[in-house]
Number of protein chains: 2
Amino acid sequence: MKTLDTCLSPKLTHLYDVRDKTVVIVDILRATSCMVTGIANGVRRITPFADLEECRMMGRVGYVIAGERNGEKVDGFDIGNSPYNYLEEEMFGEKIAVTTTNGTQAIHNCREAKEVLIGAFLNLSALAEYLKRQERSLLIVCAGWKGRVNLEDSLFAGALAEKLADQYDQSCDATLMVKSMYADAKGDLVDFLRQSSHAERLKKLNIEKDIEFCLRVDEYKVIPVLSGTDLVKL
Amino acid sequence: MKTLDTCLSPKLTHLYDVRDKTVVIVDILRATSCMVTGIANGVRRITPFADLEECRMMGRVGYVIAGERNGEKVDGFDIGNSPYNYLEEEMFGEKIAVTTTNGTQAIHNCREAKEVLIGAFLNLSALAEYLKRQERSLLIVCAGWKGRVNLEDSLFAGALAEKLADQYDQSCDATLMVKSMYADAKGDLVDFLRQSSHAERLKKLNIEKDIEFCLRVDEYKVIPVLSGTDLVKL
C-alpha cells in the first residue's frame, strides 16, 4: 500500500528519500496559499527561489518579483507575500519569481522528488482527489517557521491525511500527531490557530485579512506542480 | 514569565539557544526510562556517550557498559536498553556508560544548557514539581527516532506541559501540538501508542514488557541531572 508520511520541518527533509515520492509542500501563512491563488488567477508560472538576490535578479528579465522575509515585503521587490497581491488583475499571464522565509526553502529541499505539488486549505479537496488516484507514496512537507514546526502547516497536514485515510498507510508518527491535532481543531480552525505564535507574529504586521483568506477551504480547484524550475498548473 | 518550548527532534536543537535554559531530555522507549530507573535503584552515575566505540572503551576502566542500536543490545556490551537491566541488584553502586540510538545523542546536543534533566513517565510528577519551583525557561527535547519525531516522546512532552500550564508561557507551536495530542490520548496512553511505528518496531523485538514498564506513571521520585559528563541524582 502506498504510504503517507509527514515531515514537520524543512530541516528534517534529508531524513526522507523523496526521489520516488510525490511531495506536497505546505506553507499556509502564506507562501503556498499565494501560489495556489496566483495559479488559479491566471499567473502563467511561478519560479521559487531559496536565495533572495537570485530572485531579485529575475526582475531584470521580465519577471514580477515577490520577496518576503520575516513576514514583510523586501525593499525593492514588486510585491510581498499576500494572496491579495496574487489576485491583482495585472498578474494575469505574468511570470512571478518568488522568495519567502520558509516556503521556497522547503520547495528547494525537495526538488529531487518525482513530483512536487503545492498544497493549501484553498485547494485541499482538489489536491486530495488527485492524490487518491495516483500510485506513488506521499510525503507532506510542512514549511514551518525558520525550521521550527508550526501549527497551521501541521493542521493542514492533518486535514489532508484525514481525507486520504483510506488510500494510504499512515503509520508514520508525525502523521498520527497531526491527525490527532486536526481532529481536535477542525471544529474551529481559526480559533485554534489563534494560539499560534506565528499567527500572533503575523497579526502584528496587520495582515489579519490575509490569514482569514489563507484559511478558506476549497476556494480553488487548481494544483500548482513543479515543472523543471517553475510552478505551473497541473 | 518563563517560557516552555518543545523541540520534537534532536536534529532541531540547534534552532534553540539552550545556554540559559533548563533542558529536559525525553526518550521514553527506552533510554531516559532506563536512566530514571537506574538512578532510582542506586546506580551511582550514568555517563551517556553519543559514540559507540567511546562507550565500549569505558568497560576497561570499571564501568558497566550499556549499548543499544536499532532497538537491540550491541554485541560485546554488558547490558542493552531495557529498564529491567537497570533493576538488577548488582547495578547498585555501579557506574554505567551508555550509548543508545537516539537518547544519548539528544543529551550530547544539549550539553551546553544551564541544566540538563532526564524525564520519563516514571518520574513525571517529581520532575514537574521541581520545574514549577525553578526560575529558568525550559526546553523539552524529544529524542525521537533517528531524527524523526515520535509519538511517545511527544506525548510525554504534552503531559509535562499540561502539568506546567500555570507556571510557564506555552505559546510555542510545538508545545500546543503535543498538548492537543496528549489531551486526546491521555484516557488510554497504551492504546494510543499502539498506533506508533516505533512501538510496532519494538514489539517485533519482544520487549512488550519494557513498553509496559516505560509507560508507568510516577513510579519513582528521582530526577537524574547532568553533572559534568555524568548523570547523577539531583
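**Two chains and their contacts**

User: Is Glu53(A) buried, partly exposed or exposed?

Analyst: Glu53(A) counts as partly exposed, because its relative accessibility is 41% and the partly exposed class lies between 20% and 50%. Keep in mind that this is a predicted model.

User: What does the side chain of Glu53(A) meet in a salt bridge?

Analyst: The partner is Arg56(A), and the N to O distance is 2.8 Å. Arg56(A) is partly exposed too, with a relative accessible area of 30%.

User: How are Glu53(A) and Arg56(A) placed in helix α2?

Analyst: They sit 3 residues apart in α2 of chain A (residues 52–57), so about one helical turn separates them.

User: Which side chain does Lys132(A) meet in a salt bridge?

Analyst: Lys132(A) meets Glu129(A), at 3.1 Å from N to O. These two are 3 residues apart in helix α5 of chain A (residues 124–133), which means that about one helical turn lies between them. Lys132(A) is partly exposed at 30% relative accessibility, and Glu129(A) is partly exposed at 40%.

User: What about chain B, what does Asp210(B) form a salt bridge with?

Analyst: Asp210(B) pairs with Arg30(B), and their closest N and O atoms are 2.8 Å apart. This pair links distant parts of the chain, 180 residues apart. Asp210(B) is in helix α10 (residues 208–214) of chain B, while Arg30(B) is in the loop between β2 (22–26) and α1 (31–40) of that chain.

User: Are Asp210(B) and Arg30(B) buried or exposed?

Analyst: Both are buried.

User: How many salt bridges does the structure hold over all chains?

Analyst: The total is 22. Elsewhere, Glu212(A), Arg216(A) and Glu219(A) are linked by salt bridges into a network.

User: New topic. How is chain B related to chain A?

Analyst: A turn of 180 degrees, with a shift of 0.0 Å along the axis, lays chain B on chain A with an RMSD of 0.0 Å. That is the relation of a two-fold axis. The same surface serves both copies, since 100% of the contact residues of chain B recur in chain A.

User: Which residue of chain B comes closest to the rotation axis?

Analyst: Met181(B) does, with its C-alpha at 2.8 Å from the axis.

User: How many residues does the contact take from each chain?

Analyst: It takes 30 residues from chain B and 30 residues from chain A. The area buried between the chains is about 2,300 Å², and carbon and sulfur atoms give 64% of that.

User: Which residues in chain B lose the most area to chain A?

Analyst: Arg148(B), Asp173(B) and Met177(B) lose the most, together 28% of what that side buries.

User: How many salt bridges and polar contacts cross the interface?

Analyst: There are 2 salt bridges across it. There are also 6 residue pairs in polar contact. The elements of chain B that give two or more residues to the side touching chain A are α6 (151–163), α7 (173–185) and α9 (197–203). The largest share of that side, 8 residues, comes from α7(B).

User: What does Arg148(B) meet in a salt bridge?

Analyst: Arg148(B) meets the side chain of Asp5(A), at 4.0 Å from N to O.

User: Now the inside. How many residues are in the largest nonpolar core?

Analyst: It has 158 residues. Those with the most contacts inside it are Leu131(A), Leu160(A), Leu131(B) and Leu160(B).

User: What does Leu160(B) touch?

Analyst: Leaving out residues up to four places away in sequence, Leu160(B) touches Val24(B), Leu124(B), Leu127(B), Ala128(B), Leu131(B) and Ile140(B).

User: Why is helix α1 of chain A called largely enclosed?

Analyst: 9 of the 10 residues of that helix (residues 31–40) are buried, so the rest of the structure largely encloses it. Among the buried ones are Cys34(A), Met35(A), Val36(A) and Ile39(A). Just after α1(A), Gly42(A) takes a positive phi of about 90 degrees.

User: Last one. Is Glu115(A) buried or exposed?

Analyst: Glu115(A) counts as buried, because its relative accessibility is 11% and buried means under 20%. Glu115(A) lies in strand β7 of chain A (residues 115–119). Apart from neighbours within four places in sequence, its contacts include Lys21(A), Tyr130(A), Arg136(A) and Leu234(A).

Methods:
Residues numbered from 1 in each chain as written. Chains lettered and ligands numbered in written order. Predicted model: local features only at pLDDT ≥ 70, side-chain atom pairs only at ≥ 80, totals over all residues. Heavy atoms only, no water. Core = buried A, V, L, I, M, F, W, Y, C linked by side-chain atoms within 4.5 Å. Buried < 20%, exposed > 50% of the residue type's maximum accessible area, 1.4 Å probe, protein only. Contact = heavy atoms within 4.5 Å. Least-squares fit on C-alpha atoms with pLDDT ≥ 70 in both. Buried area = accessible area lost by both parts, 1.4 Å probe. Polar contact = N/O pair within 3.5 Å; in protein donor to acceptor, adjacent residues only side chain to side chain. Helix = DSSP H or I, 4+ residues; strand = E, 2+ residues; numbered from the N terminus.
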